[in-house]
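Me: I have a structure open here and would like to talk through its packing and its charged pairs. Could you go through it with me?

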Amino acid sequence: MSSTAVPDLRGVLPVLATPFTQERTIDEGALRAEVDWVLDSGADGVVVAMVSEILRLATDEQEALGELVCSHVAGRGPVVLSVGAESTHVALRLARRAEADGASALMAIPPLTVACGAEEAGTYFRALADATSVPLIVQDASGYVGEPLSLDLQARLLREYGAERVRFKPEAIPIGPRLSMLRDATDGRARVFEGSGGAALVDSHARGVVGTMPGPDLVWAIRALWDALEAGDHARARAIDEALSPLMSLVTSLGSYVAFEKHFLVRQGVLPSSRVREPLGFTLDEETRRRLDELFDRLSGVVRA
């Protein structure tokens, strides 16, 4: 059932990794353990989105995943469920189900296989907003896939629905300038989340984001960085950012992001395996693994200090 009160959507909201069994079905027990771990590690809430490998899930699997996450979080923080799809019909099915299951907000990318102009994309996002009552986060995922969304369209959606109902996660390159352009086009009213995994968080925070949606594996580091930025502790923020940046610079694709985060989740005892659904677009080789572990150790030391 949809909640009547929307929890505050801000701060650190990690995008969960989807754990798989040996048969490549969703490992529900491991997913529950992951949810508990990220919340215990300082997350303000959780998100199910692209890094959750939802593009590799069947529609019923995506619905079951969202229901499981909502029921397990059980009021411990907001839950954002991604409902973007290749057709408005499927996106509306996912959106209505997500709201019924208790999602605090929805997030949607535009279709990836259709070259939507601003008018078509606007019709798609308006259909989602009109069919539901919880906030809709418009995600421009073009840093990984698809084409950049029109800034004018995003500004129009905000004017039409208001800052409570429509929010944004812009990931088009260059991230910083595009974020500022969206802010300025909406007279500073847009509530914006960043999704660089923390790589651009220092710059994005200075440009006015209200939250960040990193992977789950480094949530403790992003929590520390966010708190330092919010407190104006520039020295600590700089130290964490300088340790985090070389690690995140190794991310070159959505596939590498998923591989890295699952490696770190296994290393920290959160997930029992780093399985993903094939076909693989990226394979973690031994040399990269050693480099990741070195950088992880350095980051951990800086955050603990």
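Reply: What follows goes through the sheet, the core, the aromatic pairs and the salt bridges of this model, which is a predicted one.

Me: Let's begin with the sheet: what is the strand order?
Reply: The order is β2-β3-β4-β5-β6 in an open sheet of five strands, and the pairing is parallel. From one strand to the next, the twist averages 20°.

Me: And which strands stand at the edges?
Reply: Those are β2 (46–48) and β6 (166–170), and because each has a single partner strand, one side of each is left without a neighbour in the sheet. Three bridges join β2 to the parallel strand β3 (residues 79–82), and Val-47 has Val-80 in β3 as its bridge partner.

Me: Which strands does helix α4 lie across?
Reply: Helix α4 (residues 118–131) lies across β4 (105–108) and β5 (136–140), and it runs at about 155° to β5.

Me: Switching to the core, which residues touch the most other members?
Reply: In the largest nonpolar core, which has 94 residues, these are Val-69, Leu-128, Leu-218 and Leu-299. The element that gives the most to this core is α8, with nine residues.

Me: What does Leu-218 touch?
Reply: If residues up to four places away in sequence are not counted, Leu-218 touches Leu-244, Leu-247, Phe-264, Phe-296 and Leu-299. There is also a second, separate core of five residues, with Ala-17, Leu-265, Val-270 and Leu-271 among them.

Me: How many aromatic pairs are there?
Reply: A search of the whole structure finds four. One of them is formed by Tyr-124 and Phe-125, which are edge-to-face at 5.1 Å centre to centre, with 75° between the planes. Tyr-124 counts as buried because its relative accessible area is 3%, under the 20% cut-off, and Phe-125 is likewise buried, at 1%.

Me: What about Trp-220 and Phe-296, how are they arranged?
Reply: Trp-220 and Phe-296 are edge-to-face as well, at 5.6 Å centre to centre and with 80° between the planes. This pair links distant parts of the chain, since Trp-220 is in helix α8 (residues 219–231) and Phe-296 is in helix α11 (residues 286–304), 76 residues apart. Both Trp-220 and Phe-296 are buried, and together with Phe-264 they form one aromatic cluster.

Me: Now the charges: how many salt bridges does the structure hold?
Reply: It holds 24 salt bridges. In one of them, the side chains of Glu-164 and Arg-191 meet at 2.7 Å, N to O. Glu-164 lies in the loop between α5 (151–161) and β6, whereas Arg-191 lies in the loop between α6 (175–185) and β7 (193–194), so the pair ties together parts that are 27 residues apart in sequence.

Me: Is Arg-223, which pairs with Asp-227, buried or exposed?
Reply: Arg-223 counts as buried, at 15% relative accessibility, while Asp-227 is partly exposed at 39%. The closest N and O atoms of their salt bridge are 2.9 Å apart, and because the two residues are four apart in helix α8, about one helical turn separates them.

Me: What does Glu-286 form a salt bridge with?
Reply: Its partner is Arg-289, with the closest N and O atoms 2.7 Å apart. Glu-286 and Arg-289 are both in helix α11, three residues apart, which is about one turn of the helix. Elsewhere, salt bridges that share partners join Glu-63, Glu-67, Arg-93, Arg-97 and Asp-101 into one network.

Definitions and conventions: Residues numbered from 1 in each chain as written. Predicted model: local features only at pLDDT ≥ 70, side-chain atom pairs only at ≥ 80, totals over all residues. Heavy atoms only, no water. Phe/Tyr/Trp six-rings, centres within 6.5 Å; stacked < 30°, edge-to-face > 60°. Buried < 20%, exposed > 50% of the residue type's maximum accessible area, 1.4 Å probe, protein only. Core = buried A, V, L, I, M, F, W, Y, C linked by side-chain atoms within 4.5 Å. Contact = heavy atoms within 4.5 Å. Pairing = 2+ DSSP bridges. Axes fitted to C-alpha atoms, helices over the stretch in contact; angles between N-to-C directions. Salt bridge = Lys/Arg side-chain N within 4 Å of Asp/Glu carboxyl O.
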